[in-house]
Amino acid sequence: MTLTPRAEGVLALIGFGLCIPAANWLIGNAGTVCVPDGPCLVPVAPGLMAPSGVLMIGLALVLRDLVQRRLGLGFAAGAVLAGAALSAFVAPPALVVASAVAFLLSEFADLAVYTPLQRRRLVLAVAASGAVGLVVDSVVFLWLAFGSLDYLAGQVVGKAWMVALSLPLVALLRRRDERRGIQPA
């Protein structure tokens with residue numbers, strides 16, 4: 001069964017919308033170590049820890065790009081706002097505010113890089129926008145949520161893992177789109 005581009009976009013939109021509250025829930029509830037009055041942490045590289053929601057946010061950065069590719073810029077921007085709002089149901093208010101501000105800023109930085117590149121070089125667009133988005137998100141979130149950048153290296157590495165792991169799938173999507181004659185929304 002082959003999904004239509006719109007159906008693929010809707011699936012990416014649902015996944016994206018669920019990544020944000022899942023990440024916020026994970027930070028306070030799941031990890032190999034939970035810091036008192038701080039985040040729950042997971043290892044992202046030997047000797048490097050990050051708040052446990054990091055992998056979900058790395059995935060969200062890629063899914064947002066796919067939402068824009070399939071459904072358009074308006075859906076992508078709306079998804080950022082909806083995901084931030086859903087977080088209010090699963091995380092403390094201070095974490096929700098830090099997450100929402102960080103995610104909004106990182107997603108708009110991501111959009112600024114992704115949008116001009118995606119029609120010609122989709123894989124490069126996803127990699128470059130993910131790199132920009134994950135740095136902005138990490139710095140803003142850590143500073144607002146915890147008042148420090150102690151976990152910055154772990155945040156960057158954890159999110160970069162998810163972006164890098166998604167690139168082969170993005171390359172397959174691009175090749176399939178070319179064969180089917182599908183243009184970005």
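Start where helix α3 passes helix α4 in a right-handed crossing. A crossing is called right-handed if the near helix is turned clockwise from the far one by less than a right angle, and left-handed if anticlockwise. The model is predicted, so local features need pLDDT of at least 70 and side-chain atom pairs count only at pLDDT 80 or more, while totals for chains, interfaces and linings use all residues. Residues are numbered from 1 along each chain as its sequence is written, and side-chain values use heavy atoms, with hydrogens and water left out.

**Stop 1: α3 and α4**

Select residues 73-87 for α3. Helices here are DSSP runs (H or I, at least four residues), numbered from the N terminus, as are strands (E, at least two). The axes of α3 and α4 come within 9 Å and cross at roughly 165°. Axes are lines fitted to C-alpha atoms, for helices over the stretch in contact, and angles run from 0 to 180 degrees between N-to-C directions. The crossing angle makes α3 roughly antiparallel to α4. The cut-offs are these: under 35 degrees is roughly parallel, over 145 roughly antiparallel, 65 to 115 roughly perpendicular, and the rest oblique.

**Stop 2: α4 and α5**

Keep α4, residues 93-117, and add α5, residues 122-146. Their axes come within 7 Å and cross at roughly 160°. α4 and α5 are therefore roughly antiparallel to each other. The crossing of α4 past α5 is right-handed. Colour the contact of α4 with α5 by residue class: 22 residues are nonpolar, five polar and two charged. Nonpolar takes in Ala, Val, Leu, Ile, Met, Phe, Trp, Tyr, Cys and Pro; charged takes in Asp, Glu, Lys and Arg; the others, Gly among them, are polar.

Now pick Val 140, in α5. Is Val 140 buried or exposed? Its relative accessibility is 19%, so Val 140 counts as buried. Buried means under 20% relative accessible area, exposed over 50%, and partly exposed in between (1.4 Å probe, protein chains only). Then select Ala 102. Val 140 and Ala 102 are 38 residues apart in sequence, yet their C-alpha atoms are 5.0 Å apart in space.

**Stop 3: along α5**

Stay on α5 and select Leu 134. At 4% relative accessibility, Leu 134 counts as buried. Measure from Leu 134 to Val 163 in the viewer: the C-alpha atoms are 9.2 Å apart, with the two positions 29 residues apart in sequence numbering.

Bring in α2 next. α2 and α5 pack at about 135°, with their axes 10 Å apart. α2 and α5 are therefore oblique to each other. α2 also passes α5 in a right-handed crossing.

**Stop 4: helix α1**

Select residues 5-29, helix α1. What span should its 25 residues have at 1.5 Å a residue? The expected span is 36 Å, and the end C-alpha atoms are 36 Å apart, which agrees. That expected span is 1.5 Å times one less than the number of residues. Now show the buried residues of α1, among them Glu 8, Phe 16, Cys 19, Pro 21, Asn 24 and Ile 27.

**Stop 5: salt bridges**

Side chains of opposite charge can pair when their charged atoms come close. The structure holds eight salt bridges. Each one is a side-chain nitrogen of Lys or Arg within 4 Å of a carboxyl oxygen of Asp or Glu.

Select Glu 8 and Arg 176. Their side chains meet in a salt bridge, 2.2 Å from N to O. This pair links distant parts of the chain: Glu 8 is in α1 and Arg 176 in α6 (residues 152-180), 168 residues apart. Glu 8 counts as buried at 15% relative accessibility. Arg 176 is partly exposed, at 24%.

Move to Arg 69. Which residue does Arg 69 form a salt bridge with? The partner is Asp 177, with the closest N and O atoms 3.2 Å apart. Arg 69 lies in α2 (residues 54-71) and Asp 177 in α6, so the pair ties together parts 108 residues apart in sequence. Arg 69 is buried at 5% relative accessibility. Asp 177 is buried too, at 1%.

Add Arg 70. Arg 70 forms a salt bridge with Asp 177 as well, the closest N and O atoms being 2.7 Å apart. Arg 70 lies in α2 and Asp 177 in α6, so this pair ties together parts 107 residues apart in sequence. Arg 70 counts as buried at 9% relative accessibility.

End by selecting the whole group. Salt bridges with shared partners join Glu 8, Arg 69, Arg 70, Arg 176, Asp 177 and Arg 180 into one network.
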